Structures are given as structure tokens and as C-alpha cells.
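Student: I would like to learn how to read a model such as this one, step by step. Could we look at it together?

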Amino acid sequence: MSVTASFSRRARWRLPEIVFWLLAFAALLLPPGKHLLLNEIAILALFALSLDLILGYAGIISLGHAAFFGTGAYAAGLFCKLVTPDPHTGLAVAIVVAAALGAATSLLVLRGSDLTRLMVTLAVALVLHEVANALPLWTGGADGLQGMTVGPLLGHFDFDLYGRTAYAYSLVTLFVLFLLARRIVHSPFGLSLMAIRRNPLRASALGVPNRSRLIAVYTLSAAYAGAAGALLAQTTAYVSLEVLDFQRSADVLLALIIGGTGWLYGGLAGAIAFKVLQDVLSASAPQFWMFWMGLFLVVLALVGRERLGQGVRGLLAKVMP
Amino acid sequence: MLRREILTIAALSLLPVVAFAQDTVKIGLILPMTGQQASTGKQIDAAVKLYQAQHGTTVAGKKVEVILKDDTSVPDVTKRLAQELVVNDKVAVLAGFGITPSAMATAPIATQAKVPEVVMAAGTSSITEASPFVVRTSFTLAQSAVPMAEWAVKNGIKRVVTMVSDYGPGIDAEKSFSDRFKAEGGTIIENLRVPMRAPDFAPVLQKAADTKADALFVFVPSGAGAQFVKQFVERGLDKGGMKLIATGDVTDDDQLAGMGDAVVGVINAHNYSANHDSALNKSYVEAFRKANGGLRPNFMSVGGYDGMHLIYEALKKTGGDASGDKLMAAMKGLAWESPRGPISIDPDTRDIVQNIYIRKVEKKDGELYNVEFATIPNVKDPVKAAKK
């Protein structure tokens with residue numbers, strides 16, 4: 001089999017993928033009630049997908065990915081308030097702004113090794129958090145950006161109390177950006193990223209321009225995170241300092257680790273697991289849910305995702321032969 | 001795995017919405033139960049439970065059910081929880097709200113769904129203006145800061161430095177204190193601010209010490225008081241001759257016992273002290289401590305306790321009708337005796353009218369308390385009063 005054929009086979013759509021997306025879109029038809037949570041899941045999924053692009057594919061570890069998420073959120077919020085309430089142009093503007101920030105900070109991030117990168121990404125997010133805190137005239141400071149009135153989707157569909165429009169908007173955005181990401185990671189560009197992650201020296205010996213490739217993917221990832229932030233800002237009509245919080249960066253990393261890095265569905269699966277767990281646990285034990293969440297993560301880390309999956313499957317096979 | 005999870009969500013959302021709305025009135029209580037503001041959530045939750053234990057869960061023929069949610073002080077989570085409570089649980093009232101941004105983020109939901117939003121903690125003046133369905137049972141910062149300024153001028157304090165946490169309530173406290181203090185002939189040397197998140201008071205305290213002012217006026221949010229006092233003492237400012245005056249958030253009953261003798265003599269103004277001298281308060285403190293392993297109730301707890309009372313009384317007035325417009329109409333103008341003293345809801349602003357007490361930290365029976373020595377009766381929110 002030729003190399004081209006083997007790669008195109010890898011990029012082919014499989015049945016579970018199609019079922020997954022059909023289910024995701026079918027959830028739109030559910031009776032109202034869970035769309036708000038689904039909207040948050042879709043946004044976190046997009047955010048985790050963006051982190052996966054740099055962590056899973058290019059091996060850039062980041063503890064400050066909320067920098068781009070928050071930038072996108074504030075860009076969308078301010079654009080909505082000051083220029084036009086139209087959500088689509090707002091989303092586009094947020095993507096461009098976040099991408100610009102990504103391109104600029106990529107130069108800082110790419111200088112060092114893993115540890116340096118951790119520190120630099122963390123520092124960039126902290127700096128932005130403080131900047132937002134120190135500019136209350138623009139951002140509303142710790143009180144949050146208020147007074148956003150987001151226009152209707154496609155000029156027709158208002159963002160309602162039930163969150164169906166919001167979920168549809170976030171899901172379609174996630175789907176389109178996912179398709180693009182899927183195309184990219186299966187392209188020669190994506191393969192070269194994986195080569196860099198596994199062995200940078202060898203990759204450059206093969207003629208891969210490491211630096212420019214990493215800058216490109218970091219910028220792309222920032223754009224994705226900015227889109228996720230813009231979705232949050234527009235669907236909740238509110239932006240607070242928490243969009244730039246360290247917790248936000250930590251949560252997305254957790255979600256991605258739960259789902260698994262280095263495959264695009266990892267971020268999606270992780271976002272679903274993380275949010276559903278959080279929702280169920282915090283509803284049943286508002287004071288102690290973090291304990292159960294932590295316990296789950298420890299078990300997951302110790303046992304390992306694959307073995308956990310096999311265990312569940314084995315158990316199910318016993319219960320339902 | 002993935003499909004199974006999606007299916008679970010699908011299955012969960014298909015559960016029939018139990019519709020016994022006729023005999024049950026649901027209250028969605030959204031509080032920070034974890035994170036930085038967890039003490040606020042704990043106090044209010046305990047007070048709400050105490051109120052229901054004392055007054056029963058049935059009012060005007062309706063069963064009152066409280067659904068508690070943890071928003072971790074993240075406003076977009078507060079907003080989503082409020083939306084879900086309205087849409088899924090069909091709550092008649094939203095209540096709680098530990099910090100101003102959470103209350104602000106929820107206001108549009110209250111307006112859109114016509115559901116009363118009972119603010120039990122957050123203290124920025126403008127919250128009640130964010131929606132006609134917002135009503136407050138806590139306090140506004142200006143309510144405490146203005147009487148503090150008046151007291152300071154009358155008691156020979158001429159030059160003051162202010163230090164507040166840099167967010168809505170802090171800016172309210174700074175502005176209302178400074179404006180009144182200047183109007184009464186005092187001098188504000190400097191207005192200092194510290195970030196709300198992870199504050200380090202040391203550099204700001206040094207700056208304040210260098211000004212050689214007569215007094216330092218301080219506001220920090222509930223829960224941050226102990227940390228502030230610790231750094232204040234570490235810098236030796238308690239011995240430098242500069243008086244410490246504050247809103248009562250700083251000498252919070254919840255933490256006061258652990259602050260040490262350094263705070264003895266601190267003058268502050270606020271709406272509630274666990275030491276308030278009334279029969280109702282004595283029994284309230286006793287019952288609260290008994291139900292919560294000796295925890296002392298603070299001003300956040302009375303916000304929750306009175307919030308529940310407001311909802312119960314409004315339901316009595318409407319005869320159990322829990323529609324938003326009727327409840328709001330019933331709430332306006334209600335007046336009652338609270339553990340903190342007589343209070344009422346201003347029918348024009350939907351904000352609380354209450355006595356403000358000037359207190360001094362003293363040791364009583366081996367424990368530190370804010371001991372009230374002067375009362376300014378029926379204080380309306382000065383920020384909104386000034387706008388008229």
C-alpha cells in the first residue's frame with residue numbers, strides 16, 4: 001500500500017464519529033432543560049480542542065491557555081457593546097484578536113523547554129488577568145463587563161432563556177472548527193507537528209521548519225480558544241474576570257487529560273465527562289463535590305483511562321451477557 | 001464511552017418534569033459553597049436551614065422547598081444555574097448571591113423570567129437597579145461607610161487614608177466615605193485600593209503608614225478581615241498611633257474571635273453584631289450556634305435569615321400566590337423585627353432600610369465582640385438617596 005493511501009485511510013470518517021455528531025445535533029431536539037449545560041459542554045469542548053492542538057499534537061504544554069479564552073471573551077464583549085451587537089462579526093473579531101495575541105506570545109513561548117513554557121504561559125495569563133483587573137473602565141474590573149445585548153443569530157433567532165439557540169450556535173461553531181482541525185491534523189502540516197513533538201532534532205534534520213510550524217499551530221490554537229471565549233461571552237451576555245482565571249486554564253487541562261491528548265475527540269470526551277461530573281456532583285453535594293471530583297481524578301490517573309474503560313466494559317459484559 | 005455519556009445526558013433530560021407547582025414553592029438558593037467566599041455561603045445556608053427549622057416548611061398552605069446550588073463565586077456559573085433553576089426546577093424565587101458580579105449576572109434572568117431575586121449578601125448599591133425584580137436583605141456598603149465618616153469627624157479625626165478592595169462594593173465604600181468625610185470638613189489624604197483576588201496588604205499598609213494620618217478607613221470583603229488584621233499588626237501599625245476605623249466586614253463575627261487582642265478598640269460601623277442586645281437576637285445566636293457546632297452567626301447569616309422571612313411573609317400576603325409580580329408587590333414596604341433590629345424594604349428602591357450601629361471591639365466573657373454604643377436609625381442606601 002502506498003504512503004498516500006495509508007494516510008488517507010487514517011483520515012477517513014468512521015461510523016462512531018458520525019454517530020457522535022448526529023447525537024450531538026439530535027440533542028437540539030431534546031425538550032428544554034439541559035441545553036444550558038450542553039452549551040457549556042460545547043464551549044469547553046472547543047476550548048479543550050484548542051489546547052489539544054498544541055499539547056497533543058505539537059507537544060507545547062501550557063498552563064495559561066485561559067489568556068486566549070479570556071481575550072476572545074473580552075474582545076467579543078467589547079465589540080458587542082461598542083460596535084455592533086451582531087454575534088457573527090463579534091465571533092470573527094474575537095478569533096482575529098486572540099490569534100494576533102497568540103502569534104505575538106508564541107515568540108515568547110517557543111524560546112525555552114517545557115518548564116520555561118509552563119512558566120511563560122502561566123505568566124502571560126496572569127499579566128492579562130491583572131491588566132483586565134486594572135482597566136475597570138473597559139472591562140468592568142472585578143464587577144464584570146455588563147450591559148451586553150447580543151443580537152439575534154442569523155438576524156432571526158434570539159438567545160432565549162432555555163439556551164437552545166445558544167447551544168445550536170456553539171455546537172455549529174464547534175463542528176465547523178472541528179472539521180477544520182481534523183483536516184489540518186491529517187494534512188502533511190499536522191504530521192510534521194507530530195514529528196516535531198516526538199523528536200524535534202530529527203524533524204529539523206528532515207527539513208521540517210520547526211519554529212514556523214510551532215508558531216503557526218500556536219496561533220491557530222489561540223484563535224480556537226478565542227472562539228470558545230467569544231461563544232461564552234455571547235451566549236451568557238456577560239464577561240467576568242474569571243474568564244482569565246488560572247482555574248480556567250487548569251480546568252481545560254483537566255478536561256483534556258480526562259479525555260486523552262493527541263486525538264481530537266479527547267477534548268470533546270473530556271469536556272463531556274468533566275462538565276457532567278461537575279454538574280451531578282455539585283448538585284448532590286454542594287459543599288463537598290470537589291472531594292469527589294478530586295478522588296475521581298486520582299483514580300483515573302492511577303488506574304489509567306484504558307484500564308478503566310476495559311474494567312467498565314468487562315463489568316457490563318458480566319451484567320449483560 | 002462517548003456515546004454512552006451522550007445517551008445519559010439525553011436520558012436525564014427526558015425525565016418527566018414533576019409538576020406539582022400548585023402546592024410547592026421552590027426557592028433556588030445560589031451560594032458560593034466552595035472557594036474564596038465559602039464562609040459567606042456556609043453562613044447563609046445555615047441561616048436558611050435554621051429559619052425553616054424554626055418556622056416550618058409550610059406557609060400559606062404551600063410547601064417551601066429550597067434547592068441549594070454552589071456557584072463557586074464564578075458569575076457565568078451563577079447565571080447558568082439561575083437559568084436552569086428557572087427553566088428546569090420552575091423556582092418561584094432566586095436567592096443568595098455571595099458577590100456582586102454574581103448578583104449582577106443574574107439580574108437579566110430575573111427580569112426576563114419575572115422571578116424575584118432576593119440578594120442575601122452582595123452589597124454594591126447599584127444591584128437593585130439592575131432589575132425591577134431585585135430585592136435586597138443584606139446591606140449596602142454606603143449604609144455603613146457614611147455613618148462611619150460622620151462619627152469620625154465628630155470624634156476629632158481630621159485626616160484619613162482609605163483602603164478598600166478594588167471592586168464594586170469597595171469603590172462604593174471609598175466614595176461614600178470620602179464624600180461625606182470631606183463634606184463634614186475632614187481631609188482625605190489618599191484613596192488606596194488593593195486587588196480583590198489574592199490581596200497583599202503589606203505595600204499598601206506601608207504607604208498608609210507613611211502618610212501619618214489620624215486614621216485608616218478600611219473595607220475588605222467578608223472572609224478577608226482576618227488576613228488584613230494579621231498584616232496590620234505585623235507592620236506594627238496598631239502601635240503607631242494611627243486609628244483603625246472600618247466597615248463591619250473587617251471585624252466580621254465569623255473571624256473576630258481568632259483575630260487576637262490587636263483588634264480591641266477598633267471602631268467600626270455595620271448592620272449586625274452577634275452581640276446585639278435584643279431578646280430575638282439572643283435566641284437567634286443561641287439556636288444558630290447549637291445547630292452549627294458553635295459557629296457564631298455573622299452579618300451574612302442575618303441576610304439569609306431575613307431573606308427567608310421576606311419570602312415567607314410575602315407568600316402569606318399573597319395567600320400563597322407565587323407569581324413574580326405579586327410577590328414583588330407584597331415584598332415592597334414589608335417591615336419586621338430582625339435579629340439585627342427593626343428593618344424594612346424600601347418600596348421605591350427595593351433596598352433594605354435598617355439601623356446602623358457604631359461599634360467598638362471589646363472582650364466580653366473572654367471572647368471578642370463588636371459592642372454597639374451608638375445607633376443611627378433607619379438608614380436608607382445613601383448612594384440611591386443622593387441620586388434623587
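Tutor: We will go from the make-up of one chain to its domains, then to a sheet in the other chain, and last to the contact between the two chains. Please keep in mind throughout that this is a predicted model.

Student: How many helices and strands does chain A have?

Tutor: A count of secondary structure elements is a good place to begin, and for chain A that count gives 15 helices and 0 strands. The radius of gyration of chain A is 20 Å, close to the 20 Å expected from the globule rule for 321 residues, so chain A is as compact as a globular protein of that length. Along the principal axes, its C-alpha atoms fill a box of roughly 60 × 55 × 40 Å.

Student: What share of the residues in chain A is buried, and what share of the contacts joins residues 24 or more positions apart?

Tutor: Burial is judged by how many neighbours surround a residue, and in chain A 45% of the 321 residues are buried. As for contacts in chain A with a separation of 6 or more, 77% of them are between residues 24 or more positions apart.

Student: Which domains does the assignment give for chain A, and how far apart are their centres?

Tutor: Domain bounds can be read as residue ranges, and here chain A has domain 1 (19-284) and domain 2 (285-321), with C-alpha centres that lie 27 Å apart. Their contact takes 8 residues from domain 1 of chain A and 9 residues from domain 2 of chain A. On the domain 1 side, helix 12 (246-259) and helix 13 (264-284) of chain A are the elements that give two or more residues, and helix 13 gives the most, with 5 residues. That side of domain 1 divides into 4 nonpolar, 4 polar and no charged residues.

Student: Turning to chain B, is strand 10 enclosed or open, and why?

Tutor: One way to judge a strand is to ask how many of its residues are buried; for strand 10 (residues 243-247) of chain B this holds for 4 of the 5 residues, so the strand is largely enclosed by the rest of the structure.

Student: Which strands pair with strand 10 of chain B?

Tutor: Pairing is read from the bridges between strands, and 4 of them join strand 9 (residues 215-219) of chain B to strand 10 of chain B, the two running parallel. Within this pair, B:L216 has B:L244 as its bridge partner. From strand 9 the chain passes through helix 8 (residues 225-234) of chain B to strand 10, in a β-α-β crossover that is right-handed. Strand 10 of chain B also pairs with strand 11 (residues 267-270) of chain B, again in the parallel sense, over 3 bridges, and there B:I245 stands opposite B:I267.

Student: Finally, how many residues of each chain are in contact with the other, and which helix of chain A gives the largest share?

Tutor: An interface is described from both sides: 38 residues of chain A are in contact with 36 residues of chain B. Several helices of chain A supply at least two residues each to its side, among them helix 3 (35-57) and helix 11 (210-236), while the largest share, 6 residues, comes from helix 13 of chain A. By residue type, the chain A side divides into 23 nonpolar, 11 polar and 4 charged.

Conventions: Residues are numbered from 1 along each chain as its sequence is written. Chains are lettered from A and ligands numbered from 1 in the order in which they are written. This is a predicted model: local features need pLDDT of at least 70, side-chain atom pairs count only at pLDDT 80 or more; totals for chains, interfaces and linings use all residues. The radius of gyration is taken over C-alpha atoms; the globule rule is 2.2 Å times the number of residues to the power 0.38. A residue is buried if 20 or more other C-beta atoms lie within 10 Å of its own, exposed if 12 or fewer, and partly exposed in between; C-beta atoms are placed from the backbone. Two residues are in contact if their C-beta atoms, placed from the backbone, lie within 7 Å. Domain bounds come from an automatic or database domain assignment. Ala, Val, Leu, Ile, Met, Phe, Trp, Tyr, Cys and Pro count as nonpolar, Asp, Glu, Lys and Arg as charged, and the others, Gly among them, as polar. Two strands pair if DSSP finds at least two bridges between them. A crossover is right-handed if, with the strands pointing away from the viewer, the path from the first strand over the helix to the second runs clockwise.
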